[in-house]
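Biologist: Could you take one strand and its turn, look at them closely, and then tell me what else in the model helps to put them in context? Please keep it plain, as I am new to reading structures.

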Amino acid sequence: MRYYIVIPAHNEAQFISLTLESLVNQTVLPAKIVVVNDNSTDETEVIVKSFIEKHNFISLVNNSSVAKHLPGSKVILAFNKGLEALDENYDFIVKADADLIFPKNYFETIIKHFQTDEKIGMAGGFCYIEKNGNWVLENLTDKDHIRGALKAYRKECFEQIGGLRTAMGWDTVDELLCKFYNWKIKTDENLHVKHLKPTGANYNKASRYKQGEAFYTLGYGFWITAIASLKLALRKGKPLLFIDYIKGYWKAKSNKKTLLVNEVQAKFIRNYRWKKMKEKIFRF
């Protein structure tokens, strides 16, 4: 299968060479890699150009955006800029972060999953972070969720869900819409990807309400938001984040912020979330 990778990169000079090195050493190479240099002020562009000199399937797009890090919107605006530079001659498209080290067989394995079941719309492995010299699972989500750092989308699925939303929650709404359109999501616990920079490392204080806002725009409703907020805050080891998430939800609701989905999709999402929660309760 033919696949393209788009890598948004803002000041990633410390890590991007490791990411690109892991990609050019894949057992099945990507047809194209586009790195979007998003307003970097470090050596990101220079490093990418050094790889371009050796590998003709890598290209660079320079993008001017606001310097402020906004969860969701900034990275997807950059991703879309990279997408514009590509043709549609691919079987699946990958959104990858610039601070990852992929195992050599990563995309060979992803291809096998897509080929095994034509209803798989998305596939991915798991992110691991370094703690005390050991690589441990970055356990921020359920095992059936693909992290935003390494999403692979079958072309037909990507087009049907309407691409990626430029808002926080984009890496949840994509999977919920996959379910809405009857696509399967495949996660592979054997694919361990090294995540060199912990999630949210660059988020500023003003962003702390964004998660609650995202829950609102996903159409969750208050009670699902409350449960999801508590679960995420505890997973992050910061219980007081629950309050920020709830404040973000009510702020978005009072401002009547536009949802990322339509009413039919929002109803499906709420029913799906309740179903998953009930399954977990009765499992115990």
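**A strand, its hairpin and its partners**

Modeller: In this predicted model, strands β6 and β7 form a hairpin with two residues between the strands, and N132 in this hairpin takes a positive phi near 55°. The strand before the turn, β6, covers residues 120-131, and β7 covers residues 134-137. The two run antiparallel and are joined by four bridges. One position to look for is K131, which stands opposite N134 in β7.

β6 has further partners. Strand β8, residues 150-154, also runs antiparallel to β6, and two bridges join them. Here M122 of the pairing stands opposite Y153 in β8. With β9 the direction is parallel, and seven bridges join β9 to β6. Within β9, H192 is the bridge partner of F126.

Next, consider how covered β6 is. Ten of its twelve residues are buried, so the strand is described as mostly covered; buried here means under 20% relative accessible area.

The path into β9 offers a second residue with a positive phi. N182 sits in the loop between α6 (170-180) and β9 (184-195). Its phi is about 65°, although N182 is not a glycine. N182 counts as exposed because its relative accessibility is 57%, and the cut-off for exposed is over 50%.

N11 has a positive phi too, about 55°, and is likewise not a glycine. Its place is the loop between β1 (3-9) and α1 (16-24). At 29% relative accessibility, N11 counts as partly exposed, because that class lies between the buried and exposed cut-offs of 20% and 50%.

Finally, the surface, to set beside the buried residues of the strand. E88, D91, E156 and E159 form a negative patch there. Among them, D91 lies in the loop between α3 (73-84) and β4 (92-96), and D91 is partly exposed, with a relative accessible area of 33%. A nonpolar surface patch is made of W223, I227 and W274, which together have about 340 Å² of accessible area. I227 belongs to helix α8, residues 222-235, and its relative accessibility of 38% makes I227 partly exposed.

Notes: Residues are numbered from 1 along each chain as its sequence is written. This is a predicted model: local features need pLDDT of at least 70, side-chain atom pairs count only at pLDDT 80 or more; totals for chains, interfaces and linings use all residues. Side-chain values use heavy atoms; hydrogens and water are left out. Patches are made of residues with over 30% relative accessible area and no salt bridge: like charges are joined within 9 Å, nonpolar side chains (Val, Leu, Ile, Met, Phe, Trp, Tyr) within 5 Å. Accessible areas come from the Shrake-Rupley method with a 1.4 Å probe; for residues, only the protein chains shown count as cover. A salt bridge is a side-chain nitrogen of Lys or Arg within 4 Å of a carboxyl oxygen of Asp or Glu. Buried means under 20% relative accessible area, exposed over 50%, partly exposed in between (1.4 Å probe, protein chains only). Lys and Arg count as positive and Asp and Glu as negative; His and the chain ends are not counted. The place of a charge is taken as NZ of Lys, CZ of Arg, CG of Asp or CD of Glu. Two strands pair if DSSP finds at least two bridges between them.
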